[in-house]
Amino acid sequence: MVRLIINTCIFFSILYFSKAQPTSESVDSLINFHFNLGRSLFNIHNNTDESLLEAEQEFSKVLSLNPNHASSIAYLGLIAFDQQQFERAESLFTQAVAIDSVCAEGRIGISRIYRHKKQWEDSYQ
């Protein structure tokens, strides 16, 4: 975790103190950085609200850079699902799949919603 914090500080120092204008490549790198950090935080959250909140903040940063990043939207849905906000989760999963019909996280989330609703046959589509 300490290594992750150090890498984050280095990355942001380079980004903020650089005099160069942001390029699409640097924006893509920033998106990937926040997405991967958010995904890591989500995967290690162990049902603690603090890690989920941090993950949610990272996915929100991705969406501020690219509002159509389907995987980030789907991960926000997974966070909502873990917090038992099922209507919000379903809305986010549907939005993610509408943006990217093959978004794995969105499809998995929709399957979880169907299982939660006990709509067994729909959960396998």
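This report walks through the helices, the buried side of helix H5, one loop residue and the salt bridges of the structure above.

## The overall picture

Welcome to this structure, which is a predicted model. The protein chain has 6 helices and 0 strands, so its elements, read from the N terminus on, run α-α-α-α-α-α.

Of the 125 residues in the protein chain, 35% are buried. The protein chain exposes about 8100 Å², and carbon and sulfur atoms supply 53% of that area. How much of the contacts with a separation of 6 or more comes from residues 24 or more positions apart? In the protein chain, such residues account for 44% of those contacts.

## Helix H5 and its two faces

Helix H5 covers residues 86-99 and is a good place to look around. With 14 residues at 1.5 Å a residue, H5 should span 20 Å. The C-alpha atoms at its ends are 20 Å apart, which agrees with that expectation.

Which residues of H5 are buried? They are Ala 89, Leu 92, Phe 93, Ala 96 and Val 97. Around the axis they cover an arc of only 130°, and therefore they sit on the same side of H5. What do these buried residues pack against? Their partners are H4 and helix H6, the latter made up of residues 104-116. On the face of H5 turned away from the buried side, you will find the exposed residues Glu 87 and Ala 98.

## A loop residue with a positive phi

Just along the chain, a loop lies between helix H4 (70-82) and helix H5, and Gln 84 is found in it. Most residues other than glycine have a negative phi. Gln 84 is not a glycine, yet its phi is positive, at about 60°.

Is Gln 84 buried or exposed? Its relative accessible area is 62%, and because exposed means over 50%, Gln 84 counts as exposed.

## Three salt bridges

How many salt bridges does a search of the whole structure find? It finds 3. One of them joins Glu 56 and Arg 88, with the closest N and O atoms 3.7 Å apart. Glu 56 lies in helix H3 (residues 49-65) and Arg 88 lies in helix H5, so this pair ties together parts that are 32 residues apart in sequence. Arg 88 is partly exposed, with a relative accessible area of 35%.

Another salt bridge pairs Lys 117 with Glu 90, and here the closest N and O atoms are 3.0 Å apart. This pair links distant parts of the chain, since Lys 117 is in the segment after H6 and Glu 90 is in helix H5, 27 residues apart. Both partners are partly exposed: Lys 117 has a relative accessible area of 42%, and Glu 90 has one of 27%.

## A pair within helix H3

The salt bridge between Glu 58 and Lys 61 has its closest N and O atoms 3.4 Å apart. Where do these two residues lie? Both are in helix H3, and because they are 3 residues apart there, about one helical turn separates them.

Why does Glu 58 count as buried? Buried means under 20% relative accessible area, and Glu 58 has 9% relative accessibility, so it falls in that group. Its partner Lys 61 is partly exposed, with a relative accessible area of 35%.

Note on methods: Residues are numbered from 1 along each chain as its sequence is written. This is a predicted model: local features need pLDDT of at least 70, side-chain atom pairs count only at pLDDT 80 or more; totals for chains, interfaces and linings use all residues. Side-chain values use heavy atoms; hydrogens and water are left out. Helices (H or I, at least four residues) and strands (E, at least two) are DSSP runs, numbered from the N terminus. Buried means under 20% relative accessible area, exposed over 50%, partly exposed in between (1.4 Å probe, protein chains only). Contact means heavy atoms within 4.5 Å. Accessible areas come from the Shrake-Rupley method with a 1.4 Å probe; for residues, only the protein chains shown count as cover. The expected span of a helix is 1.5 Å times one less than its number of residues. The arc is that of the directions from the helix axis to the C-beta atoms. A salt bridge is a side-chain nitrogen of Lys or Arg within 4 Å of a carboxyl oxygen of Asp or Glu.
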